[in-house]
Amino acid sequence: MPSLELGESIPPDTAHAVSVSLPTWRSNVGYEEGEQWVVSRMATGYPRFFIHKSISELGHLIASTYGKPGQQAMLFSTLEASRRCLGFMRERAPPAFTAQFHSLSFELNLSEQTSPVLSCLKSTIAAALFPADAFSLAKEYWQHTGDGISSRRAEFCHDLLKAGILVPCGPVNAAHDIVLKPSRGPRRYQRTGSVDESAGATAKIISAASNDSKESSRFLEERFGRNLDLTLAEKAKSAIRRRIAGSLVGEIDLTAEPVSDLPVSSVRVNNLSESDIYLFPAGMNAIFNAHRALMVARGQLQSVNFGFPYVDTLKILQKFGPGCIFYGHGSSSDLNDLEERLKGGERLLALFCEFPGNPLLASPDLERVRRLANEFDFAVVVDETIGTFANVNVLQFADIVVSSLTKIFSGDSNVMGGSAVLNPGSNYYSLLKPAMDSVVEDNYWPEDIIFMERNSRDFLGRVERVNANAEAICDILRAHPLVKDLFYPKFNPSRENYERCRLPHGGYGGLLSVVFHQQASAQAFYDAMDIAKGPSLGTNFTLCSPYALLAHYNELPWAAQFGVDPDLVRVSVGLEEQDALSDTFRKALEAAEKTVL
């Protein structure tokens with residue numbers, strides 16, 4: 001995919017794209033500084049950092065209709081999530097604000113009409129309402145936890161609310177009447193040829209008179225029953241879980257009768273069943289809920305974040321619960337220090353780590369971590385998003401494995417998702433299983449599930465090709481004199497740790513990071529790359545970003561002390577033809593060469 005215009009969605013013309021084009025080094029800085037020449041042109045952004053316009057519009061409608069003057073709304077899929085958000089805010093907001101906090105949930109109002117399809121819809125939306133000056137706190141919770149609603153859910157619920165089909169639960173005094181008008185369903189279902197249009201969506205979208213419950217019910221039946229049957233969504237969930245477990249490689253007949261909790265074969269662990277695999281609306285939500293479940297199962301103990309982390313993992317451990325010990329290098333000496341702490345009597349809830357880490361691609365010594373966990377009684381949670389379960393087997397060392405399905409599992413960059421897998425052989429399984437069942441809410445929007453299932457059918461084949469392309473690009477970069485450091489699991493000093501977990505036919509993944517001797521070279525290289533440039537990774541197309549700028553702009557010196565150079569360029573390699581992709585990188589290196597002449 002060639003470089004796109006500033007602010008354009010990645011992929012282009014995709015209503016629910018996960019990334020956004022920041023095509024120059026300067027535009028990344030402008031985004032972080034909040035400069036209008038960048039922000040005003042952004043059609044979208046990474047969903048946990050940028051609130052999608054469909055979500056903002058629905059939030060504004062709810063706040064202006066049901067809130068007090070000057071209030072804003074943050075939207076969630078369950079009332080419990082909205083209350084967690086307000087609880088997080090109360091701990092940090094001035095008392096004058098907290099008196100104006102309240103939550104509101106909505107339900108479907110079909111009068112006497114019933115729908116067997118709609119009976120499967122377990123959640124719609126809920127809102128946390130608060131003074132506008134407290135928005136930054138609500139945004140913190142939204143970003144860290146991944147509890148917020150998806151843009152597809154917002155788009156659908158917005159039309160239902162305007163049509164009078166979605167109504168507040170319990171008595172509510174609306175500040176203003178919602179203007180009701182005939183609804184034809186979400187806008188993108190009123191046209192053909194949308195990149196986001198569901199496969200096989202051939203139903204005729206009917207007009208639904210907003211004050212006629214029979215027509216409203218018919219609209220919903222058509223909308224879900226033919227385009228996105230909720231029974232189909234349940235089967236799609238099952239397909240995703242089996243795919244994660246390793247029993248399915250390609251297509252699956254979703255119209256076949258479902259088999260409940262079928263044990264699945266796995267290269268990683270015996271006795272793994274579908275019920276041990278949990279799906280979430282975002283990868284970070286999987287981490288957040290794993291942490292919540294561990295505290296329910298094992299009590300209020302501090303955790304360890306081992307290795308340089310993805311930013312919100314550390315924030316979750318620091319801000320929710322009793323805190324954490326941070327080992328940013330993830331080195332052997334860090335493990336030595338941890339062992340001394342444990343021998344001195346410190347108790348831990350769990351150790352959280354990534355395998356390999358982002359963006360330095362270092363692999364922690366999971367074998368030693370597991371030995372320490374067994375000896376000193378703490379759980380191990382491994383985020384294998386970068387390695388992917390197509391390349392590595394980390395469940396053998398972990399109690400819980402979490403992953404962002406938004407990345408290479410989906411590949412299409414048009415839907416969010418996450419997973420958590422419980423190891424049935426874990427010493428904590430009998431505690432963790434009921435704890436997970438008690439904290440996890442069934443809030444993955446059916447439409448998003450359908451997209452995720454469809455996108456992931458060729459997951460294994462795509463990973464194999466991405467592995468090969470990434471190694472080819474590494475060879476080009478490593479050989480160039482302007483390159484100071486190249487980070488990739490195959491060439492990392494911690495390779496032995498990676499090899500211990502690498503599957504027989506697994507590779508080293510599609511993510512790499514490069515640091516140049518001079519900042520000018522890094523900037524010229526980035527600007528000259530004729531590829532998609534923006535946040536996220538694991539896309540079917542090559543995507544790069546100045547990672548430290550985007551993830552740690554306000555804490556660059558802090559990140560640098562753990563080896564993350566401020567000018568590091570992270571590259572997520574895609575499926576392009578290898579020779580053409582190699583030429584693109586060589587041309588970008590030629591542009592970098594001109595900075596030192």
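Select helix H6, residues 135-145, and colour its buried members, which are Leu137, Ala138, Lys139, Tyr141, Trp142, Gln143, His144 and Thr145; buried here means under 20% relative accessible area, with exposed over 50% and partly exposed in between, using a 1.4 Å probe and protein chains only. Helices (H or I, at least four residues) and strands (E, at least two) are DSSP runs, numbered from the N terminus. The model is predicted, so local features need pLDDT of at least 70 and side-chain atom pairs count only at pLDDT 80 or more, while totals for chains, interfaces and linings use all residues. Residues are numbered from 1 along each chain as its sequence is written, and side-chain values use heavy atoms, with hydrogens and water left out.

**Around helix H6**

Eight of the eleven residues of H6 are buried, so this helix is largely enclosed by the rest of the structure. To see what covers those buried residues, add helix H3 (53-66), E3, H4, E5, H10 and H11, which are among the elements in contact, contact meaning heavy atoms within 4.5 Å. Just after H6, select glycine 146, which takes a positive phi of about 70 degrees.

**The sheet beside it**

Next, show the open sheet of four strands, whose order is E3-E5-E4-E6 and whose pairing is antiparallel; two strands pair if DSSP finds at least two bridges between them. Its edge strands, each pairing on one side only, are strand E3 (71-76) and strand E6 (166-168). Direction ignored, neighbouring strands of this sheet are turned by 30 degrees against each other on average. Zoom in on E3 and strand E5 (residues 126-131), which run antiparallel and are joined by six bridges, and find glutamine 72 standing opposite phenylalanine 130 in E5. Now add helix H4 (residues 79-90), which lies across E3, strand E4 (102-108) and E5 and runs at about 25 degrees to E5; axes are lines fitted to C-alpha atoms, for helices over the stretch in contact, and angles run from 0 to 180 degrees between N-to-C directions.

**Into the nonpolar core**

Select methionine 89, which touches Phe101, Phe130, Ala134, Leu137 and Ala138, residues up to four places away in sequence not being counted. The largest nonpolar core has 168 residues, and Met89 and Phe525 touch the most other members of it; such a core is a set of buried Ala, Val, Leu, Ile, Met, Phe, Trp, Tyr and Cys residues joined through side-chain atoms within 4.5 Å. The element that gives the most to this core is H10, with nine residues. Apart from this core lies another, of seven residues, among them Val20, Leu22, Met42 and Phe50.

**Aromatic rings**

Display the rings of Phe76, Phe88, Tyr141, Trp142, Phe288 and Phe320, which ring pairs link into a cluster. Rings of Phe, Tyr and Trp (its six-membered ring) pair if their centres lie within 6.5 Å, and planes under 30 degrees apart count as stacked, over 60 as edge-to-face and the rest as tilted. By this rule the count comes to 26 aromatic pairs. One of them is the edge-to-face pair of phenylalanine 288 and phenylalanine 320, at 5.1 Å centre to centre with 70 degrees between the planes. Phenylalanine 288 lies in helix H10 (residues 283-298) and phenylalanine 320 in the loop between helix H11 (311-319) and strand E9 (324-327), so the pair ties together parts that are 32 residues apart in sequence. Phenylalanine 288 is buried at a relative accessible area of 2%, and phenylalanine 320 is buried at 12%.

Move on to tryptophan 558 and phenylalanine 562, an edge-to-face pair at 5.5 Å centre to centre with 70 degrees between the planes. Here tryptophan 558 is partly exposed, with a relative accessible area of 24%, whereas phenylalanine 562 counts as buried at 12%.

Return to phenylalanine 88 and add arginine 92, whose charged end sits over the ring, 3.8 Å from its centre; a charge sits over a ring if NZ of Lys or CZ of Arg is within 6 Å of the ring centre and within 35 degrees of the ring normal. Then select arginine 152, which lies over the face of phenylalanine 451 at 3.9 Å from the ring centre.

**Zooming out**

Finally, show the whole protein, which has 21 helices and 18 strands and in which buried residues make up 61% of the 597 residues.
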